[in-house]
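Please look over the sequence and the structure shown here. The briefing below takes the overall fold, then the pocket, then a single residue.

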Amino acid sequence: MRPIVILALCLARAATAAPDKNCGSRPEYKQFQFWIGEWDVQVDGQVVAKSSIQSIAGGCIILENWMPYGGGAGKSWNFYNRATGKWEQVWVTSAGGVLKVSGVWKDGAIREEGLAYPPGGKPAMHRHSFTPMPPDRVRQFCEESDDGGKTWHAVFDGLYAPAKRTS
């Protein structure tokens, strides 16, 4: 069979999936919905960025659009991998840095760990959490280790608050 015919058959099968198989209808995909919204991101009480978090692809992907005031924008794709039972994130910065982490909902937060790959640098272990905070806020806490996990240091501790509307 020709490769194009195989691809067409695969796409046709995926397109006709039953509606109850849609990601957005499954409870595990709803674990991270608390992060969806338009946010002002604060560090130590100062707003340092805007972040737009959207549900796309029928609820299968949570797309992060990170827009810091000092430059260095980035985007992440966050998705629940049914094969592994884990949330995964792939983050790419405008400078070419990449972060790949995975984890689960545990103790009231999405908790992930993996590796950060800075452009031209040595990979470092990375772990972070996203915790819903009442009322309508989210705390993102990130740590990094460059000694194989013996010691960790905080690299980001931000509070996502609903964005203030500007006229």
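The protein contains one helix and ten strands. The model is a predicted one. Along the sequence the helix comes ahead of the strands, in the pattern α-β-β-β-β-β-β-β-β-β-β. The ten strands close into a barrel.

**Overall figures**

- The protein has 167 residues, and 31% of them count as buried.
- Its accessible surface comes to about 10200 Å². Carbon and sulfur atoms account for 57% of that surface.
- Taking contacts between residues at least 6 apart in sequence, 31% join residues that are at least 24 apart.

**The barrel**

- The order of strands around the barrel is E1-E2-E3-E4-E5-E6-E7-E8-E9-E10, and the pairing is antiparallel.
- From one strand to the next, the twist averages 25°.
- Strand E2 covers residues 46-56 and strand E3 covers residues 61-68. These two strands run antiparallel and are joined by eight bridges.
- Ser51 has Trp66, in E3, as its bridge partner.

**The largest pocket**

- The largest pocket holds about 540 Å³ of space.
- It is lined by 26 residues, and those closest to its centre are Trp66, Trp91, Thr93, Leu99 and His126.
- Trp66 therefore appears twice in this briefing: as the bridge partner of Ser51, and as one of the residues closest to the centre of the largest pocket.- Several strands each supply at least two residues of the lining, namely E3, E5 (86-93), E6 (98-106), E7 (109-117), E8 (124-133), E9 (137-145) and E10 (153-162).

**Met125**

- Met125 is found in strand E8, one of the strands that supply at least two residues of the lining of the largest pocket.
- Is Met125 buried or exposed? Met125 counts as partly exposed because its relative accessibility is 30%, and partly exposed lies between the cut-offs of under 20% for buried and over 50% for exposed.
- Leaving out residues up to four places away in sequence, Met125 touches Gly114, Leu115, Glu143, Glu144, Ser145, Gly148, Gly149 and Trp152.
- Met125 and Asp146 are 21 residues apart along the chain, and their C-alpha atoms are separated by 6.4 Å.

Terms used. Residues numbered from 1 in each chain as written. Predicted model: local features only at pLDDT ≥ 70, side-chain atom pairs only at ≥ 80, totals over all residues. Heavy atoms only, no water. Helix = DSSP H or I, 4+ residues; strand = E, 2+ residues; numbered from the N terminus. Buried < 20%, exposed > 50% of the residue type's maximum accessible area, 1.4 Å probe, protein only. Contact = heavy atoms within 4.5 Å. Areas by Shrake-Rupley, 256 points an atom, 1.4 Å probe, with all protein chains shown as cover. Pairing = 2+ DSSP bridges. Axes fitted to C-alpha atoms, helices over the stretch in contact; angles between N-to-C directions. 1 Å grid on protein atoms, 1.4 Å probe; cavity = no way out; pocket = protein on both sides within 12 Å on 5 of 7 lines; lining within 4 Å. Points joined across faces, edges and corners; volume = space filled by probe spheres on them.
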